[in-house]
Amino acid sequence: MTDRLKYTRNIGIMAHIDAGKTTTTERILFYTGITHRIGEVHDGAAQMDWMVQEQERGITITSAATTAYWKYKGEEYKINIIDTPGHVDFTVEVERSLRVLDGAVAVFCAVSGVEPQSETVWRQADKYGVPRIAFVNKMDRVGADFFGVVNEIREKLKANPVPVQIPIGSEDSFRGVIDLMENKAVVWYDDETLGTKYSLEEIPAELADEAAEWRNKLVEAVAEKDDELLERYFEDPDSITPDEMAAVIRRATIDGTIVPVMCGSAFKNKGVQRLLDAIVAYLPSPLDIGPVKGINPKTGEEITRDPDPKAPLAALAFKIATDPYVGRLVYLRVYSGKITPGMTVLNPRTNKKDRINRLYQMHANKQNPRDVIEAGDICGAVGLKDIKTGDTITDFQRPISLESMTFPEPVIGVAIEPKTQADVDKLGAALAKLAEEDPTFKVKTDEASGQTIISGMGELHLEILVDRLKREFGVECNQGQPQVAYKEALTKTVEHREVFKKQTGGKGKFADIVVEIGPADEGVTGLQFIDEVKGGNIPKEFMPAIQKGFEIAMQNGPLAGFPMDNLKVVVKDGSFHPVDSDSLSFQIAAQHAFKNAAPKGEPILLEPIMSVEVVTPEEYMGDVITDFNKRRGRIEGMESKAGARVIKAKVPLAENFGYVTVLRTITSGRATSSMEFSHYEPVPPEIAEKVIENIKGIIKV
């Protein structure tokens, strides 16, 4: 059965917004026979962009999964594809897709090259060790520069790009590619067949020298990865066959030391079949990736599971969606074993058993029922109740807990309120469903004003969520102005003794703790909790309660009630009462200790800082930089690219609301910008005072 896995590829299509990911995926579906007509993004007809909001805006918001089949060298391969969003606000969709994929196709625009979000998704792929191939798309566009993009991949992404094709012509004259492996030209002639027919020809005479130079570079790059080929390369480079090269490229792609580069124009139906060949030839199967590592939840030891249907079940829930027809749909990547409808499984996080009612193979938002899903596959399951993104589903007799996923914290919040009384009841349930689907979307009620605050990764993220409330759940909302998700931190360490006593007749409450609270060690976020109590002055069983007390207290900082970014708590000493002390007493004592000690720790306000990149014509550069200076921005670099200037800056999010509109005004609509979260840093004191005054006057986010 593992032989079948050899013919399986789990891949993602990832890129910056507008590089052509969804168009490339639509062509893949067409050429593999999954669809019989090509859906276009700009017509709102793309299969993979099935949400109304995606069709209206022409962008991808949620990652969609589908399965296609492709014949290569006489064998049929199964390709599970996930088309991911390019917009930075939906970075969680990319993160969770890369966590479960075996390989990825990084799409680059031949004109824009490596853009900010390309760098972000590349880093995410590095984090999960995902092998990738590069596809330089839009070769038909004015300003297309294949070799420029290859250079940027090397310089900006610190990768080792190795072209296995070079283009024949560019812009209007782009008509095909030179396959450097076979030393042949691949030419697409008419548009009537939608690119299904192409011919293999001799390399055009005018490109012979360039092709020979790049083929030599390819052979050299391949020979460097294999000692035997290296010896032959020095003796006779022409003796190395395409099959030998392909085997080494595959090995080097899987271990991440080579990124094969292809090119084409998905929109003009050129180059996609060759990309499919490369996906099969160079990207790994589940067998190449090998066993998945996890922890035995009973013993805490590291264990592995082979990609084998006969092994015990191990699957990871990487996405949860609310479907109008089947209800709660959980996307699973099955690493080992197999799943069948009616099966009972264990969730190690909750230590509870759960039942799978139905299984589906996914095609965007359509489901095809299945009786069994085996190791190495991706599927949708219905029936799982208490499950979150990142949970493991496993065999309850031989459990394993796979590494979960970490998600970025929201940086922007907005207050919403239902328009009518009828909407009030529906709002809570709708928000709960959306928060379950999206780990970067948070909902909380502000204690002071009673308002519902929703927080997310950016203005577009929240706009889409409010739109979904209206369309999918029928809830109309009014919304306030966007608010920055500030955080607080202490700058000084304070020692404090807190004694909590309560006598109410009968059993009382008693807890006594001596703690040191202050800033966490460098690189640590959240609570850093250290137990230094000696001699059993506080029994060990009360320590989790003290920790929980501080975790709860950290949600409201001493300055303006913002959550604490980090906190180091060292429990030094204390005492307990054999009858009156219990866990709750110590939890309350910890909360009181934070409340009383934190204001003495010289707290400061932290704000989210965004990385902004603007591409502008030269004549507007001065205006753009002046505007950044007004926004407390720091210019971090400038470079020239395709006749324009690229300005990189770090700007506080608080100063950047509505920036796109201002940029359009000062550059007559000729500049483009992209923005993503970078880090938190202290707010200057004079601005912090104003923020705290405003917050106390209006609302806490």
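Student: Which helix does Glu 235 lie in?
Tutor: Keep in mind that this is a predicted model. A helix here spans residues 227-235, and Glu 235 is part of that run. So the helix to look for, as DSSP runs are numbered from the N terminus, goes by a simple label. Glu 235 lies in helix α8.

Student: Is Glu 235 buried or exposed?
Tutor: Being exposed takes over 50% relative accessible area. Glu 235 has 65% relative accessibility, so Glu 235 counts as exposed.

Student: Which residues form the negative surface patch?
Tutor: Asp and Glu count as negative, so those are the side chains to look for. Glu 235 is one of the members. The full set is Asp 227, Glu 231, Glu 235, Asp 236 and Asp 238.

Student: Where does Glu 182 lie, and which residues does it touch?
Tutor: Glu 182 lies in the loop between β8 (176-179) and β9 (184-188). Leaving aside residues up to four places away in sequence, Glu 182 touches Leu 200 and Arg 274.

Student: Which residues are linked with Glu 182 in a network of salt bridges?
Tutor: Side chains of opposite charge can pair when their charged atoms come close. Here Glu 182 is part of a network of salt bridges. The other residues linked in that network are Asp 179 and Arg 274.

Student: How many residues apart are Lys 217 and Glu 213 in helix α7?
Tutor: The side chains of Lys 217 and Glu 213 meet in a salt bridge, at 3.4 Å from N to O. Both residues lie in helix α7 (residues 208-223), about one turn of the helix apart. In sequence, that puts them four residues apart.

Student: Is Asp 565 buried or exposed?
Tutor: Asp 565 forms a salt bridge with Lys 487, and their closest N and O atoms are 3.5 Å apart. This pair links distant parts of the chain, with Asp 565 in the loop between α14 (543-553) and β34 (566-575) and Lys 487 in strand β30. Buried means under 20% relative accessible area. Asp 565 is at 14% relative accessibility, so Asp 565 counts as buried.

Student: Which strand holds Glu 681, the partner of Arg 634?
Tutor: The side chains of Arg 634 and Glu 681 meet in a salt bridge, at 3.1 Å from N to O. The pair links distant parts of the chain, 47 residues apart, with Arg 634 in strand β36 (residues 634-641). Glu 681 lies in strand β38.

Student: How many salt bridges are found in the whole structure?
Tutor: The pair of Arg 634 and Glu 681 is a salt bridge. A search of the whole structure gives a total of 33.

Terms used
Residues are numbered from 1 along each chain as its sequence is written. This is a predicted model: local features need pLDDT of at least 70, side-chain atom pairs count only at pLDDT 80 or more; totals for chains, interfaces and linings use all residues. Side-chain values use heavy atoms; hydrogens and water are left out. Patches are made of residues with over 30% relative accessible area and no salt bridge: like charges are joined within 9 Å, nonpolar side chains (Val, Leu, Ile, Met, Phe, Trp, Tyr) within 5 Å. Accessible areas come from the Shrake-Rupley method with a 1.4 Å probe; for residues, only the protein chains shown count as cover. A salt bridge is a side-chain nitrogen of Lys or Arg within 4 Å of a carboxyl oxygen of Asp or Glu. The place of a charge is taken as NZ of Lys, CZ of Arg, CG of Asp or CD of Glu. Helices (H or I, at least four residues) and strands (E, at least two) are DSSP runs, numbered from the N terminus. Buried means under 20% relative accessible area, exposed over 50%, partly exposed in between (1.4 Å probe, protein chains only). Contact means heavy atoms within 4.5 Å.
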